[in-house]
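Here is a short briefing to read with the model open beside you. Have a look at the fold, then follow the points below by topic.

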Amino acid sequence: MRVSITLSAVVALAAALAMDVTVPAQVQAAGTISGTVSFTGDAPARRTLKMAADPACDAANPSGRLGEVMVVKDGKLANVFVYIKEGLGDQAFETPKAPVVLDQVGCMYTPRVIGAQVGQTIEIRNSDATLHNVHSLPKNSKQFNQAMPIKDSKIKKKFTAAEVMIRIKCDVHPWMAAYVGVLEHPFFAVSSEDGSFSIANVPAGTYTVEAWHERLGVKSGSVTVADDGSATVDFSFAPAAN
Ligand SMILES: [Cu+2]
């Protein structure tokens, strides 16, 4: 079979490859840490948020909207930030050029929990036709407090120091909250609705892994990752003590 291809197509292909096929150094030892986050006991009922103070928010959620502080389904807990806390030593990791996106959709932060590296751009979007005021509350980086009145607008922010976690709130809508875990490295994940998480490209080593939940606090586990190996660590949270 003979394939005909123009020179310009070859040049374009080469340029595309040169731009996109950058392999991070840590891929050489691509281990994985994965597991499941469980919740034991009775899950508290999720209440419907009262958004009537802003008719635009109400209109964006015609069937109501449940609070997201405790998202438990079949005994599994979502929105848990899981990350390597100790064991990486003094290895340095490049800051990703791609931004982490935090959107405001239907007057809710989406997603509620994200991770970013120190210095990585966090692109905050407003997909709503109403005013949001994004107010970050870090202890180790500078705060920002910025109004976003325009639908489909974006702002770019970064945090300059590691911190687990940084709360972000909206000064217009008191129910809005998001949490950002800022780390010196890329080894973090957030549990899905089925409680699962997976942290990729982990170098071989023994690590302390921490799981953080906004209401239930932190749990800690230990895990050893072999070269190209996968390791499992599960976490179980109990109802918060009153
Ligand atoms: Cu808001």
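Two residues are in contact when heavy atoms lie within 4.5 Å of each other. With that in mind, 63% of the contacts in the protein with a separation of 6 or more are between residues 24 or more positions apart. Please keep in mind that this is a predicted model.

**Overall make-up**
- The protein has two helices and 19 strands.
- Of its 242 residues, 43% count as buried.

**Cysteines**
- A search of the whole structure turns up one disulfide.
- Its partners are Cys-57 and Cys-107, whose sulfur atoms are 2.0 Å apart.
- The link joins distant parts of the chain, as the two cysteines are 50 residues apart. Cys-57 belongs to helix α2 (residues 55-60), while Cys-107 sits in the loop between β5 (100-105) and β6 (108-110).
- What is the handedness of this disulfide? The torsion about the S-S bond of Cys-57 and Cys-107 is about -75°, so the disulfide is left-handed.
- Are the cysteines buried or exposed? Buried means under 20% relative accessible area. Cys-57 has a relative accessible area of 0%, so Cys-57 is buried. Cys-107 comes out at 1% relative accessibility and therefore counts as buried.
- Cys-170 is also worth finding on your screen: its relative accessible area is 3%, so Cys-170 is buried.

**A five-stranded sheet**
- One open sheet has five strands in the order β7-β13-β12-β9-β10, and its pairing is mixed.
- Which strands lie at the edges? They are β7 (113-117) and β10 (145-148), each pairing on one side only.
- On average, neighbouring strands of this sheet are turned by 25° against each other, direction ignored.
- As general background, strands of a sheet pair through backbone hydrogen bonds, either parallel or antiparallel.
- Strands β7 and β13 (residues 177-183) run parallel and are joined by five bridges.
- To trace this pairing by eye, start at Gln-117, whose bridge partner in β13 is Leu-183.

**Aromatic rings**
- How many aromatic pairs are there? The count comes to six, taking rings of Phe, Tyr and Trp whose centres lie within 6.5 Å.
- Phe-81, Tyr-83 and Phe-188 are linked by ring pairs into a cluster.
- Phe-237 has a charged neighbour: Lys-219 lies over the face of its ring, at 5.9 Å from the ring centre.

Key
Residues numbered from 1 in each chain as written. Predicted model: local features only at pLDDT ≥ 70, side-chain atom pairs only at ≥ 80, totals over all residues. Heavy atoms only, no water. Disulfide = S-S within 2.5 Å. Helix = DSSP H or I, 4+ residues; strand = E, 2+ residues; numbered from the N terminus. Buried < 20%, exposed > 50% of the residue type's maximum accessible area, 1.4 Å probe, protein only. Phe/Tyr/Trp six-rings, centres within 6.5 Å; stacked < 30°, edge-to-face > 60°. Lys NZ or Arg CZ within 6 Å of the ring centre and 35° of its normal. Pairing = 2+ DSSP bridges. Axes fitted to C-alpha atoms, helices over the stretch in contact; angles between N-to-C directions.
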